[in-house]
Amino acid sequence: MVIKPRVRGFICVTAHPTGCEVNVKQQIDYVKAQGPFHGPKRVLVIGASTGYGLAARISAAFASGAATVGVFLERPGEGNKPGTAGWYNSAAFHKFAEAEGLYASSVNGDAFSDAVKQQTIDIIKRDLGQVDLVVYSLAAPRRTHPKTGQVYNSTLKPIGKTLRQRGLDTDKEVIKENVIEPATEEEIANTVAVMGGEDWQMWIEALDQAGVLADGAKTTAFTYLGEKITHDIYWNGTIGAAKKDLDQRVLKIREQLAARGGDARVAVLKALVTQASSAIPMMPLYLSLLFKVMKKAGTHEGCIEQVDGLYRDSLYNDHPIMDEEGRLRADYKELAPDIQAEVAALWDQVTDENLYELTDFKGYKSDFLRLFGFGVEGVDYEADVNPEVPIRNLTQV
Ligand SMILES: NC(=O)c1ccc[n+]([C@@H]2O[C@H](COP(=O)([O-])OP(=O)(O)OC[C@H]3O[C@@H](n4cnc5c(N)ncnc54)[C@H](O)[C@@H]3O)[C@@H](O)[C@H]2O)c1
């Protein structure tokens, strides 16, 4: 069948297998071009199919030669219905890894569940014995608590005040004002339950108890801090409350791993177009402006540059880039004062008419479509493709 993009708000409901494969290949080529680094050899990535988690898996495998186990929640193509981008990315990852003799195994299922944790532990025990790095890169809208069965939904709302903020309607391509009412206490708690650190901690505890964490094992979970422009909706909002929970929980996890020479760190990454971030109000406008300013400054980076840099400059570097809170920082180019000042100065000047001139909305849209394998150079989108693409060595839970 011929697969075309079908965009519904901040999601594209179709994905292109060939485009996704080329995207993965380009990321592999990027990390190889940086040369090998002395990193982890056995890696578990939770949230490994798209965005930052996929980049973490690619860099570990193709630049550090690691065997990888990936956990994700994706849907395969069936009949005339395309699968999700994360499915096709993972199929491509497995194919390229196998071609180079790199071990890869994946688990498709709910990472919050006990069943997926157990299955992952069984695979590690059977095939790798232990892992020396666990990357936690989940971004999920809801979580079923494994012990109580309670379902929590996360929200993206300010805390303590109504937020009126400019934003971009990406469908109609017009500037609009978003008015978002403050979150209730329950909404805050629910968002922390989904995107906070409890599940990360549960993973590390389960892995440790099962004896599959090697001596010296490290773990990292990703966060975003941002600057003034994004603070109301992000750092000081519901999602920020969840991210602050990571900062608390990491202390306990660090203590646990440090006892055997390991370490746990929250890593701060820059804002980018991913399936998770496009759902955040005002992010499309912020990102369009940020891309414009960072591209002009020559400091623009994507997921793979960020994460590959995080490994080399911090996670596997004797002199990591670390802030006073003990977080690893890969976001410093975004937060550079001149970059933020320019974005802030342009913020109120953007209109429907000058959108394409003042901002890099063109780049935003193209990055968004690329997430789903569309608009990728060299791909023939008129050609027939089979939406059913198998992932080798996949365990379905
Ligand atoms: N995108 C950004 O701008 C940005 C910036 C800084 C930090 N981060 C952080 O990076 C992390 C990853 O975000 P992303 O933007 O790469 O997101 P993403 O949407 O691209 O990836 C999310 C991953 O989680 C998996 N997933 C979701 N629900 C799952 C479930 N129930 N069980 C198993 N897997 C599940 C998906 O399959 C996918 O692999 C998040 O913690 C996010 O807050 C993102």
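**Asking how the labels were earned**

Author: Twelve of the 15 residues of H3 are buried, so the rest of the structure largely encloses this helix. You're looking at a predicted model, where local features need pLDDT of at least 70 and side-chain atom pairs count only at pLDDT 80 or more, while totals for chains, interfaces and linings use all residues. Residues are numbered from 1 along each chain as its sequence is written, and side-chain values use heavy atoms, with hydrogens and water left out.

Reader: What makes a residue "buried", and what makes a run of residues a helix?

Author: Buried means under 20% relative accessible area, exposed is over 50%, and partly exposed is in between (1.4 Å probe, protein chains only). Helices (H or I, at least four residues) and strands (E, at least two) are DSSP runs, numbered from the N terminus. The buried residues of H3 include Trp-87, Tyr-88, Phe-93 and Phe-96.

Reader: Which elements do the buried residues of H3 pack against?

Author: Counting contact as heavy atoms within 4.5 Å, the partners include helix H1 (17-33), helix H2 (51-64), strand E5 (104-108) and helix H13 (361-371).

Reader: How do you know what span to expect for H3?

Author: The rule is 1.5 Å times one less than the number of residues. H3 (residues 85-99) has 15 residues and runs 21 Å from first C-alpha to last, close to the 21 Å expected. Gly-101 follows H3 with a positive phi near 70°.

Reader: How many disulfides are there, and where is the nearest sulfur to that of Cys-12?

Author: A disulfide here is a pair of cysteine sulfur atoms within 2.5 Å, and a search of the whole structure finds zero. For Cys-12, the nearest cysteine sulfur, that of Cys-20, is 9.6 Å away, so the 2.5 Å limit isn't met. Cys-303 is in no disulfide either: its nearest cysteine sulfur, also that of Cys-20, is 13 Å away.

Reader: Are Cys-12 and Cys-303 buried or exposed?

Author: Cys-12 has 5% relative accessibility, so it counts as buried. Cys-303, at 15%, is buried too.

Reader: Why is the contact of Arg-327 and Asp-247 called a salt bridge?

Author: The label calls for a side-chain nitrogen of Lys or Arg within 4 Å of a carboxyl oxygen of Asp or Glu. The closest N and O atoms of Arg-327 and Asp-247 are 3.0 Å apart, so the pair qualifies. Arg-327 sits in the loop between helix H10 (303-315) and strand E13 (328-329), and Asp-247 in helix H8, so the pair ties together parts 80 residues apart in sequence. Arg-327 is buried at 8%, and so is Asp-247 at 15%. Both belong to a salt-bridge network with Asp-323, Arg-329 and Asp-331.

Reader: What about Lys-333 and Glu-301: how far apart are the closest N and O atoms?

Author: They are 2.8 Å apart, so this is a salt bridge by the same rule. Lys-333 lies in the loop between E13 and helix H11 (337-347), and Glu-301 in the loop between helix H9 (283-297) and H10, so parts 32 residues apart in sequence are tied together. Lys-333 has a relative accessible area of 29%, so it is partly exposed, whereas Glu-301 is buried at 15%.

Reader: Why are Arg-312 and Asp-308 separated by about one helical turn?

Author: Because they are four residues apart in helix H10. Their side chains meet in a salt bridge (2.7 Å, N to O), and both residues are buried.
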